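User: I'm new to this one and would like a close look at a single helix, with some of its surroundings for context. Could you walk me through it?

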Amino acid sequence: NVDLKAFDDGFYRRVNGGTLKPVLDALVTMREEGLWIEVTNLLIPTLNDDLALIRRMVRWIRDELGERTPLHFSRFHPQYRMRNLPPTPASSLDRARREALDAGLDYVYVGNVLGHAGSSTYCPRDGTLLIGRTGFWITENNLTADGLCPTCSEKIPGVWQ
């Protein structure tokens with residue numbers, strides 16, 4: 001799971017003291033090597049929650065890593081050096097998730113919002129709830145033993161055995 005802090009080199013320079021390109025290059029290399037990749041983006045109000053940036057990021061993930069790459073949008077909670085910022089509104093996470101789904105990503109999640117429907121896994125073909133989650137707890141597992149949707153037999157990527 002790789003934290004993609006923002007899809008903006010200026011953000012990386014200002015906030016992280018680094019640059020974006022090495023992160024993107026590492027993700028592409030991991031994909032080329034056949035590693036399981038998940039991407040997490042901590043959505044921070046006023047710093048990296050611009051929908052145009054999110055739109056560019058999700059299109060890059062789709063085009064460079066594949067539409068089946070899981071993407072997690074996590075809620076920011078103010079602490080340490082960013083106590084002056086508010087927590088991420090759930091509506092911002094919902095908008096980011098919708099952008100990613102509309103761009104064609106199959107597995108887009110919302111994190112750090114207890115009980116949010118976006119924390120569960122759904123079949124990209126027919127919408128069947130596959131894995132229900134509340135926080136870090138799995139509340140339901142409806143996948144077949146070999147990782148198929150029980151309704152339409154869509155093969156769900158993952159390690160199931």
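User: Which residues of α4 are buried?

Analyst: Keep in mind that this is a predicted model. In α4, the buried residues are S92, L93, A96, R97, E99 and A100. Looking down the axis of α4, you'd find these buried residues within an arc of 155°, so they line one face of the helix. There's a simple reason behind that kind of pattern: an α-helix has 3.6 residues a turn, so residues three or four places apart point the same way.

Now for the helix as a whole. α4 runs over residues 90-102, which makes 13 residues. From its first C-alpha to its last it reaches 18 Å, close to the 18 Å expected at 1.5 Å a residue. And what sits over that buried face? The cover of the buried residues of α4 includes the strands β2 (39-43), β3 (71-75), β4 (108-111) and β5 (121-122), along with helix α3. Just past the helix comes G104, which has a positive phi, near 105°.

It helps to set α2 beside it. This helix covers residues 21-32, and its twelve residues should span 16 Å at 1.5 Å a residue; the end C-alpha atoms are indeed 16 Å apart. V23, L24, L27 and V28 are the buried residues of α2. They fall within an arc of 135° when you look down the axis, so they too line one face of their helix. Over on the other side of α2, K21 and E32 are exposed. Covering the buried residues of α2 you'll find, among others, β1, α1, β2 and α3. So β2 and α3 turn up in the cover of α4 and in that of α2. α2 is followed by a glycine with positive phi as well: G34, near 80°.

Since α3 keeps coming up, let's follow it a bit further. α3 takes in residues 51-65 and holds W60, while F7 lies in the loop between β1 (2-3) and α1 (9-16). The rings of F7 and W60 have their centres 6.1 Å apart and their planes at 45°, so this pair is tilted. The pair ties together parts that are 53 residues apart in sequence. Both F7 and W60 are buried. The model has two aromatic pairs, and the other one joins F11 and Y12. That one is edge-to-face, with 6.3 Å from centre to centre and 75° between the planes. F11 is buried at a relative accessible area of 2%, and Y12 is buried at 4%.

The strands over α4 lead somewhere too. β3 and β4, both part of its cover, each supply at least two residues to the lining of the largest pocket, as does β6 (129-134). β4 gives the most to that lining, with three residues. The pocket has a volume of about 560 Å³ and is lined by 27 residues. H72, Y109, S119, R133 and G135 are the ones nearest its centre.

One last stop is E154, in the segment after β7 (137-141). With a relative accessibility of 13%, E154 counts as buried, because the cut-off is under 20%. Leaving aside residues up to four places away in sequence, E154 touches R68, C123, P124, R125, G147, L148 and C149.

Technical notes
Residues are numbered from 1 along each chain as its sequence is written. This is a predicted model: local features need pLDDT of at least 70, side-chain atom pairs count only at pLDDT 80 or more; totals for chains, interfaces and linings use all residues. Side-chain values use heavy atoms; hydrogens and water are left out. Rings of Phe, Tyr and Trp (its six-membered ring) pair if their centres lie within 6.5 Å; planes under 30 degrees apart count as stacked, over 60 as edge-to-face and the rest as tilted. Helices (H or I, at least four residues) and strands (E, at least two) are DSSP runs, numbered from the N terminus. Buried means under 20% relative accessible area, exposed over 50%, partly exposed in between (1.4 Å probe, protein chains only). The expected span of a helix is 1.5 Å times one less than its number of residues. The arc is that of the directions from the helix axis to the C-beta atoms. Contact means heavy atoms within 4.5 Å. On a 1 Å grid over the protein atoms alone, a cavity is a set of points where a 1.4 Å probe fits but cannot get out, and a pocket is an open set with protein on both sides within 12 Å along at least five of seven lines; lining residues have an atom within 4 Å of a point. Grid points are joined across faces, edges and corners, and a volume is the space filled by probe spheres set on the points.
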